[in-house]
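The exercises that follow are meant to be worked through with the structure in view. Please try each task yourself before reading the solution beneath it.

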Amino acid sequence: MRDFHIETPRLILRPMETSDLEALLEIFGDPKVVASFDTEPFDRKQVQRWMQPNLEHQETYGYGLFSVIEKAEGMLIGDCGLEHMHLHGEPVTELGYDFRSDRWNQGYATEAASAVRDYAFGELGIPSLISLIRVGNQASRRVAEKVGMRLMEEITINRIRYWHFVIHRRTA
Ligand SMILES: CC(C)(COP(=O)(O)OP(=O)(O)OC[C@H]1O[C@@H](n2cnc3c(N)ncnc32)[C@H](O)[C@@H]1OP(=O)(O)O)[C@@H](O)C(=O)NCCC(=O)NCCS
């Protein structure tokens with residue numbers, strides 16, 4: 001896993017490392033980023049707590065949410081990747097993404113998520129991906145649409161309303 005990465009024109013997606021903490025703290029410590037989760041900015045402990053299950057997921061499956069590096073500056077500007085979970089009692093794989101607010105609206109999330117979609121459908125052979133997006137998160141919804149996902153339904157999980165987006169691997 002050490003040398004594994006996914007490359008796009010502007011980005012490198014590589015496995016998350018414990019040493020990414022500071023860069024991720026800059027992302028999740030930003031009120032603009034966490035506004036979409038309706039929460040206060042994360043402190044260092046909360047970011048560590050957020051990272052831990054992803055590092056374990058990576059250890060188990062060989063992938064998870066990747067750290068996204070902007071090639072131009074070599075800077076960690078976001079996360080994007082996959083998480084196995086359950087929805088309606090069924091196993092599903094979620095495609096997720098978060099980016100530094102000073103990099104928003106430059107197509108980075110779409111570029112990263114498209115590459116992860118192709119990796120999931122290609123190398124991993126995963127048949128479909130979902131995204132759970134809080135109702136009202138228009139930027140995230142737009143990314144899901146640009147990646148080719150379709151809105152299935154609105155669902156409530158732990159009293160929070162989500163848009164449930166889906167995309168299926170083309171088998172033809
Ligand atoms: C969601 C997020 C990852 C998008 O990252 P990004 O790199 O800016 O995404 P892109 O540039 O690829 O695309 C953003 C799209 O949303 C659109 N957009 C942005 N804000 C919008 C708004 N308030 N209403 C409608 N569309 C909006 C942009 O115009 C763009 O669409 P376009 O290319 O058709 O113009 C980023 O906003 C983010 O990190 N938000 C906080 C964390 C988060 O919400 N994560 C997702 C959890 S489900």
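From the N terminus on, the elements of the protein run β-β-α-α-α-β-β-β-α-β-α-β-β, where helices (H or I, at least four residues) and strands (E, at least two) are DSSP runs, numbered from the N terminus. This is a predicted model, in which local features need pLDDT of at least 70 and side-chain atom pairs count only at pLDDT 80 or more, while totals for chains, interfaces and linings use all residues. Residues are numbered from 1 along each chain as its sequence is written.

**Exercise 1. Decide whether the radius of gyration of the protein agrees with that of a compact globule.**

Solution. Begin with the rule, which takes the radius of gyration over C-alpha atoms and sets the globule value at 2.2 Å times the number of residues to the power 0.38. For 172 residues this gives a value near 16 Å, and because the protein has 15 Å, the two agree. As a further step, note that the C-alpha trace spans about 40 × 35 × 30 Å along its principal axes.

**Exercise 2. Find the buried residues of helix H5 and say how they are placed around its axis.**

Solution. First fix the terms: a residue is buried if 20 or more other C-beta atoms lie within 10 Å of its own, exposed if 12 or fewer, and partly exposed in between, with C-beta atoms placed from the backbone. By this count Ser140, Val143 and Ala144 are buried in H5. Ser140, Val143 and Ala144 cover an arc of only 100° around the axis (the arc of the directions from the helix axis to the C-beta atoms), and therefore lie on the same side of H5. This fits a general rule: an α-helix has 3.6 residues a turn, so residues three or four places apart point the same way. On the other side of H5, Gln138 and Ala139 are exposed. Finally, the cover over the buried residues of H5 includes S5, H4, S6 and S8, where cover is judged by contact, meaning C-beta atoms, placed from the backbone, within 7 Å.

**Exercise 3. Which element gives the largest share of the shell around the ligand?**

Solution. A residue is near a molecule if its C-beta atom, placed from the backbone, lies within 6 Å of it. In this sense 19 residues surround the ligand, and the closest are Ala109, Thr110, Gln138, Ala139 and Arg142. Two or more residues each come from strand S5 (90-99), helix H4 (108-121) and helix H5 (138-146). The largest share, five residues, comes from H5. To end, sort the shell by character: it divides into nine nonpolar, eight polar and two charged residues, with Ala, Val, Leu, Ile, Met, Phe, Trp, Tyr, Cys and Pro counted as nonpolar, Asp, Glu, Lys and Arg as charged, and the others, Gly among them, as polar.

**Exercise 4. Describe how strands S7 and S8 pair, and how far S7 is covered.**

Solution. Two strands pair if DSSP finds at least two bridges between them, and S7 (residues 150-157) pairs with S8 (residues 160-168) in the antiparallel sense over seven bridges. Within this pairing, glutamate 153 stands opposite histidine 164 in S8. The two strands form a hairpin with two residues between them, and asparagine 158 in the turn has a positive phi of about 50°. As for cover, S7 is hardly covered, since the count of buried residues among its eight residues is zero.

Conventions:
Contact = placed C-beta atoms within 7 Å.
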